[in-house]
Amino acid sequence: MVSSASGDAAPAFPGLVPELLITDLATSLDFWVALCGFEILYDRPQEGFAYLQYGTAQIMLEQIGVGRNWVADTLERPLGRGVNFQVSVPAITPLVERLAASGWPLFMAPEDKWYQTGSTEAGVSQFLVQDPDGYLIRFTSRLTVPVR
């Protein structure tokens, strides 16, 4: 278990937690926490680090040049090219509305999409947005309509 800033116990670490190198922790926290609804499980501001959670999704943010950065090559914007991070949420509409109210642009407008999953289909409502450093985040919620 992980203790949050409030002292509450948080769920155990999942098997994979991405750690994103970012340019400014405060700016990233404004996006991830204030706009997207993540909570800070714990942070180390002196190291430019925060560990965030939304439901069962967890992600780490680490400011470039402040803490101990593991960098394989030159970092160029947008960061995270070629990857998007899917985050499951109960419904995308409140998040889309909050981003719109703040003037934050979407990378891909909301859509309902059905994906083949073996012999069945799974439906999701989804949209994509870029964080302040260009990482693509795909927020999804399951469609409750029966499989077509």
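Buried means under 20% relative accessible area, exposed over 50%, and partly exposed in between, with a 1.4 Å probe and protein chains only. The model is predicted: local features need pLDDT of at least 70, side-chain atom pairs count only at pLDDT 80 or more, and totals for chains, interfaces and linings use all residues. Residues are numbered from 1 along each chain as its sequence is written, and side-chain values use heavy atoms, with hydrogens and water left out.

**View 1. The whole chain holds two helices and ten strands.** Helices (H or I, at least four residues) and strands (E, at least two) are DSSP runs, numbered from the N terminus. Along the sequence the pattern reads β-β-β-α-β-β-β-β-α-β-β-β. Of the 148 residues, 37% are buried. Contact means heavy atoms within 4.5 Å. Take the contacts between residues at least 6 apart in sequence: 54% of them join residues at least 24 apart. Accessible areas come from the Shrake-Rupley method with a 1.4 Å probe; for residues, only the protein chains shown count as cover. The chain's accessible surface is about 8,500 Å², with 55% of this belonging to carbon and sulfur atoms.

**View 2. F31 and W104 form a tilted aromatic pair, one of eight aromatic pairs in the whole structure.** Rings of Phe, Tyr and Trp (its six-membered ring) pair if their centres lie within 6.5 Å; planes under 30 degrees apart count as stacked, over 60 as edge-to-face and the rest as tilted. For F31 and W104, the centres are 4.9 Å apart and the planes differ by 40°. The partners sit 73 residues apart: F31 in helix α1 (residues 25-35), W104 in the loop between α2 (93-102) and β8 (108-117). F31 counts as buried because its relative accessibility is 1%. W104, at 26%, is partly exposed.

**View 3. W32 and F38 meet edge-to-face.** Their centres lie 5.2 Å apart, with 80° between the planes. Both W32 and F38 are buried. Ring pairs join F31, W32, F38, Y54 and W104 into a cluster.

**View 4. Two charged side chains sit over rings.** The criterion is NZ of Lys or CZ of Arg within 6 Å of the ring centre and within 35 degrees of the ring normal. The charged end of R44 is over the ring of F49, 4.1 Å from its centre. K113 lies over the face of Y115, at 5.7 Å from the ring centre.

**View 5. Four strands form an open sheet in the order β3-β6-β5-β4.** Two strands pair if DSSP finds at least two bridges between them. Pairing in this sheet is mixed. The edge strands, β3 (19-22) and β4 (39-44), each pair on one side only. Neighbouring strands are turned by 20° against each other on average, direction ignored. Axes are lines fitted to C-alpha atoms, for helices over the stretch in contact, and angles run from 0 to 180 degrees between N-to-C directions.

**View 6. Strand β6 (residues 57-63) pairs with β3 and β5.** With β3 it runs parallel, over four bridges. With β5 (residues 49-54) the sense is antiparallel, over six bridges. L61 is the bridge partner of L20, and also of A50. In β6, six of its seven residues are buried. The hairpin of β5 and β6 has two residues between the strands, and G55 takes a positive phi near 60° there.

**View 7. T140 lies in strand β10 (residues 136-142).** T140 counts as buried, because its relative accessibility is 3%. Leaving out residues up to four places away in sequence, T140 touches Q86, V87, S88, V89, I92, V124, S125 and Q126.
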